[in-house]
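Work through the exercises below with the structure open beside you, and try each task before you read its solution.

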Amino acid sequence: ALAFLIFGSKKLPEIGAGLGKAIGSFKKGLNEVEEAKTDLKKSLPVVKEITEDLCVDTARVFSMGFSYGGGMSYAIACARGKVFRAVAVYAGALLSGCSGGNDPVAYIGLHSVSDPTCGYSGGEGLRNKFVSNNGCSTQTPPKPGSSTTHVCTSYSGCKSGYPVRWCAFDAGGHTPAPVDGSSNGSGGGDKTWTKTEVWNFFTQF
């Protein structure tokens, strides 16, 4: 399997520091919408180069991203649905467009109901695109019943192999790594529940 991790520029120093010992530092973020669109054009050559050089199951290519990276992962789902098996969109927004956008793609979205940067309703709009594409039944996922908690919903009626899952949380604001019971805006690292949610979503394929 192959997974693309895409982050907004503001998170790169923090995330790069945490991952540096394992995979090296990320050196550049997506600073402008036009850069994200350019990177979208580069996504297929990157996949091609990696899959030609390494032993990769091309039926299991994934993208995940936070903030600008979430918008990029959404754009990938729209434009590269025949290449990418699933995407995870953390606190995303419509920042890189949605070229094409007619193919089903397994989709998980994670978003704070109190996100001050990329509003919750915008994240719902991205999700709803793939609720429709994937043939899922229309429903209104619940929001957390109390502060600093989360609730995840799996949509019903989706096409076989193309689930949609939505996780709403009320902790930390604009972050990819909330922790239940904490309002820490910087994220919870290894303590966050989001990593397990996304791992379980991707590994079902």
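The exercises that follow concern a predicted model, and each one is solved step by step.

**Exercise 1.** Work out what span helix α3 should have, and compare it with the distance between its end C-alpha atoms.

Solution. Begin with the extent of the helix: α3 covers residues 68-79, which makes twelve residues. Next, recall that the expected span is 1.5 Å times one less than the number of residues, so that for α3 a value of 16 Å should result. Finally, turn to the model, in which the end C-alpha atoms of α3 are 16 Å apart, in agreement with the expected span.

**Exercise 2.** Decide whether α3 is mostly covered or mostly open, and name some of its buried residues.

Solution. A residue counts as buried when its relative accessible area is under 20%. By this cut-off, ten of the twelve residues of α3 are buried, and the helix is therefore mostly covered. Among the buried residues are G69, G70 and G71, as well as M72, Y74 and I76.

**Exercise 3.** Describe the surroundings of strand β3, taking its two faces and then its neighbouring strands.

Solution. Start with burial: β3 comprises residues 86-90, and five of its five residues are buried. On one side lie A86, A88 and Y90, on the other V87 and V89, and both faces are covered. Now consider the pairing with strand β2 (residues 61-66), which is parallel to β3 and joined to it over five bridges; S63 has V87 as its bridge partner in β3. Between these two strands the chain passes through α3, and the resulting β-α-β crossover is right-handed. Then look at strand β4 (residues 106-112), which also runs parallel to β3 and is joined to it by five bridges, with Y90 standing opposite L110 of β4.

**Exercise 4.** How are the helices α3 and α4 oriented relative to each other?

Solution. First take the axes of the two helices, which come within 11 Å and cross at roughly 20 degrees. Angles under 35 degrees count as roughly parallel, and α3 and α4 are therefore roughly parallel to each other. The last step is the handedness, and here α3 passes α4 in a left-handed crossing.

**Exercise 5.** Locate N128 and classify its exposure.

Solution. N128 belongs to helix α4, which covers residues 120-133. Its relative accessibility is 37%, and because partly exposed residues lie between the 20% and 50% cut-offs, N128 counts as partly exposed. As a last step, compare positions along the chain and in space: N128 and T138 are ten residues apart along the chain, and their C-alpha atoms are separated by 8.6 Å.

Technical notes. Residues are numbered from 1 along each chain as its sequence is written. This is a predicted model: local features need pLDDT of at least 70, side-chain atom pairs count only at pLDDT 80 or more; totals for chains, interfaces and linings use all residues. Side-chain values use heavy atoms; hydrogens and water are left out. Helices (H or I, at least four residues) and strands (E, at least two) are DSSP runs, numbered from the N terminus. Buried means under 20% relative accessible area, exposed over 50%, partly exposed in between (1.4 Å probe, protein chains only). Two strands pair if DSSP finds at least two bridges between them. A crossover is right-handed if, with the strands pointing away from the viewer, the path from the first strand over the helix to the second runs clockwise. Axes are lines fitted to C-alpha atoms, for helices over the stretch in contact, and angles run from 0 to 180 degrees between N-to-C directions. Angles under 35 degrees count as roughly parallel, over 145 as roughly antiparallel, 65 to 115 as roughly perpendicular and the rest as oblique. A crossing is left-handed if the near helix is turned anticlockwise from the far one by less than a right angle, and right-handed if clockwise.
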